[in-house]
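Student: I want to see the reasoning behind the labels. Take me through the model, one label at a time.

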Amino acid sequence: MARTFFILLLIWGSLWAVESFQVGSVTLFAVKDLDTNMGSAILLNKEGVSGSNQSSINAFLIVSGETAVLIDTGMNGELQTNLKEIGYETDAIRQIVITHMHNDHIGGLISEGRKNFSNAMVYLPENDLRFWRNSTPENKRAAEELKSVYGENLKTYGWGDQIFPFLQAVRADGHTPGHSAFLISSEGEKLLIVSDLIHFLAVQMADPTRAVVFDVDPQTAVSTRVRLLNLAANTKIPIAGMHIPYPGIGRVAKAVNGGFIFIPEGS
Ligand SMILES: [Zn+2]
């Protein structure tokens with residue numbers, strides 16, 4: 001009986017655990033919003049690909065001393081519950097940086113027209129905001145809602161901006177015009193949050209030229225993916241991705257055929 005209880009506790013623990021990763025003195029928590037499964041339908045070129053792809057919607061909380069920065073917000077799945085698990089109520093989050101303005105990244109900012117993070121400053125990529133305001137009615141509405149709900153608490157950033165001493169925005173356009181990666185640096189250690197560089201892990205690591213239907217500019221998305229995966233492989237800087245299966249953190253190595261291999265952290 002006691003043993004069964006212990007096993008149940010272990011299962012419970014693994015269901016709720018929020019994984020963390022250390023970069024110098026900075027702690028990176030991988031905060032899951034949802035488990036997802038995306039099939040080959042998300043690929044522009046589906047040739048030779050069948051079956052589905054286990055994926056996640058991840059956000060990351062970066063904690064450096066008293067400063068906590070949430071990167072992306074998911075889409076109102078388990079994110080808030082998982083943040084609480086590591087001691088952060090939504091009103092304790094004062095800084096949120098958005099990688100790009102797709103709904104699975106900004107959706108968790110608002111519930112039923114009200115802000116979920118009452119004390120947060122929200123940083124949006126300036127090129128996405130400009131694009132969103134001049135594109136589809138749906139995108140325009142999303143940009144307007146953010147402005148009306150967060151008002152003065154919205155800021156924009158550009159590539160190269162050192163938003164915090166340990167966090168720099170890195171150009172990663174293609175998926176959206178303002179899509180950004182983030183370089184975390186602390187005490188000589190680094191990690192690159194690659195955001196939506198990867199949606200279908202097995203296929204896009206082996207062949208980074210495969211774009212997805214959500215890419216606003218597929219050709220640029222491909223060259224960005226090749227550039228950043230090469231950077232990660234050459235420098236051995238670990239990466240963290242929003243749609244790499246949870247916790248979404250690992251290292252990149254080059255494969256013999258021009259592709260890449262993802263080595264999950266801890267494996
Ligand atoms: Zn996404």
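Tutor: Start with helices. A helix here is a DSSP run of H or I with at least four residues, numbered from the N terminus. Keep in mind that this is a predicted model. Helix 7 is followed by K236, whose phi is positive, near 60°.

Student: What makes the phi of K236 worth listing?

Tutor: The value is positive, near 60°, in a residue other than glycine. K236 is found in the loop between helix 7 and strand 14.

Student: Why is K236 called exposed?

Tutor: Count its neighbours. The cut-off for exposed is 12 or fewer other C-beta atoms within 10 Å. K236 has 10, so it is exposed.

Student: Which other residue that is not a glycine has a positive phi?

Tutor: E112, at about 45°. E112 lies in the loop between strand 6 (110-111) and strand 7 (114-115).

Student: Why does E112 count as exposed?

Tutor: Same test, with a limit of 12. E112 has 6 C-beta neighbours inside 10 Å, so it counts as exposed.

Student: Back to helix 7. How do you know that its length agrees with its number of residues?

Tutor: Set two values side by side. Helix 7 (residues 218-235) has 18 residues, and at 1.5 Å a residue they should span 26 Å. The expected span uses one less than the number of residues. The end C-alpha atoms are 26 Å apart, so the two values agree.

Student: Which residues of helix 7 are buried?

Tutor: A221, T224, R225, L228, L229 and A232. Buried needs 20 or more other C-beta atoms within 10 Å.

Student: How do you know that they are on the same side of helix 7?

Tutor: Look at the arc. The buried residues cover only 125° around the axis, which puts them on the same side of helix 7. The general rule helps: an α-helix has 3.6 residues a turn, so residues three or four places apart point the same way.

Student: What does the face turned away from the buried side carry?

Tutor: The exposed residues Q219 and N234. The cover over the buried residues of helix 7 includes strand 12 (180-186), strand 13 (189-195), helix 6 (201-206), strand 14 (239-241), strand 15 (249-254) and strand 16 (260-264).

Student: What makes the peptide bond from Y246 to P247 cis?

Tutor: Its omega is near 5°. P247 is found in the loop between strand 14 and strand 15.

Student: Now the sheet. In what order do the strands of the open sheet of seven run?

Tutor: The order is 1-2-3-4-5-8-9, with mixed pairing.

Student: Why are strand 1 and strand 9 said to stand at the edges?

Tutor: Count partners. Strand 1 (19-23) and strand 9 (154-157) each have a single partner strand, so one side of each is left without a neighbour in the sheet. Neighbouring strands of this sheet are turned by 30° against each other on average, direction ignored.

Student: How do you know that strand 1 and strand 2 pair?

Tutor: A pair needs at least two bridges. Strand 1 and strand 2 have five, in the antiparallel sense. F21 stands opposite L28 in strand 2. Their hairpin has two residues between the strands, and there G24 takes a positive phi near 60°.

Student: How many bridges join strand 2 and strand 3?

Tutor: Strand 2 and strand 3 (residues 52-64) pair over twelve, in the antiparallel sense. N37 stands opposite Q54 in strand 3. Strand 3 and strand 4 (residues 67-71) pair in the antiparallel sense over five bridges, and L61 stands opposite L70 in strand 4.

Student: Last label: the largest nonpolar core. Which residues have the most contacts inside it?

Tutor: F60 and I184, in a core of 57 residues. The largest share of this core, five residues, comes from strand 2 (residues 26-39).

Student: What does I184 touch?

Tutor: A contact needs C-beta atoms within 7 Å. Leaving out residues up to four places away in sequence, I184 touches V23, V26, L28, I62, F166, L167, K190, L191 and I193. A second, separate core of seven residues includes L43, F200, V203 and A221.

Notes: Residues are numbered from 1 along each chain as its sequence is written. This is a predicted model: local features need pLDDT of at least 70, side-chain atom pairs count only at pLDDT 80 or more; totals for chains, interfaces and linings use all residues. A nonpolar core is a set of buried Ala, Val, Leu, Ile, Met, Phe, Trp, Tyr and Cys residues joined through C-beta atoms within 7 Å. Two residues are in contact if their C-beta atoms, placed from the backbone, lie within 7 Å. Axes are lines fitted to C-alpha atoms, for helices over the stretch in contact, and angles run from 0 to 180 degrees between N-to-C directions. The arc is that of the directions from the helix axis to the C-beta atoms.
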